[in-house]
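The paragraphs below follow the charged side chains of one chain and ask where their pairs lie. Please keep the sequence and the model side by side while reading.

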Amino acid sequence: IWSLGLSLHFMAIGKLPRRLGDFQDLSAFSAAVLKPVKFNEPEWDPIDESFKAILRRCLAVEKAARPASMELLQSAFFEELMESENEDNDDLIAVCRTRSI
């Protein structure tokens, strides 16, 4: 789920939430990764709030706070996405809902 969050973050704004090169040293980077990801940069302004909510959950620092894959599929963002997609995607979603991912 963490990796999914990183991938979605990168797809949304073209960069990862934190990169080692953005910090003076490894200890500063290590301290930063223990803090929640924030979405206060201007590139996040046009991004849907329900999508940001998914990212917050996927990138939760505590592993236990991250959702299961099935929970993500039942989130408001994916529910809306599924309703707006064509029938070809509905078959894929039905398969995802019936299997343990």
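Arg19 is a convenient place to begin in this predicted model, since its relative accessible area of 47% makes the residue partly exposed. Its partner is Asp22, and the two side chains meet in a salt bridge with an N to O distance of 3.5 Å. Asp22, with a relative accessible area of 51%, is exposed, because the class of exposed residues starts over 50%.

A second pair brings two helices into the picture. Glu71 and Arg57 form a salt bridge whose closest N and O atoms are 2.9 Å apart. Glu71 belongs to helix H4 (residues 69–73) while Arg57 belongs to helix H3, so this pair ties together parts that are 14 residues apart in sequence. Both ends count as partly exposed, Glu71 at 39% relative accessibility and Arg57 with a relative accessible area of 33%.

Shared partners appear elsewhere, where salt bridges join Lys15, Glu41 and Glu43 into one network. Within this network, the side chains of Lys15 and Glu43 meet in a salt bridge of 3.5 Å, N to O. That pair links distant parts of the chain, 28 residues apart: Lys15 sits in the loop between helix H1 (2–13) and helix H2 (26–32), and Glu43 in the loop between H2 and helix H3 (49–58). Lys15 is partly exposed, with a relative accessible area of 32%, and Glu43 is likewise partly exposed, at 33% relative accessibility.

With a cut-off of 4 Å between a side-chain nitrogen of Lys or Arg and a carboxyl oxygen of Asp or Glu, the count comes to five salt bridges.

Terms used. Residues are numbered from 1 along each chain as its sequence is written. This is a predicted model: local features need pLDDT of at least 70, side-chain atom pairs count only at pLDDT 80 or more; totals for chains, interfaces and linings use all residues. Side-chain values use heavy atoms; hydrogens and water are left out. Helices (H or I, at least four residues) and strands (E, at least two) are DSSP runs, numbered from the N terminus. Buried means under 20% relative accessible area, exposed over 50%, partly exposed in between (1.4 Å probe, protein chains only).
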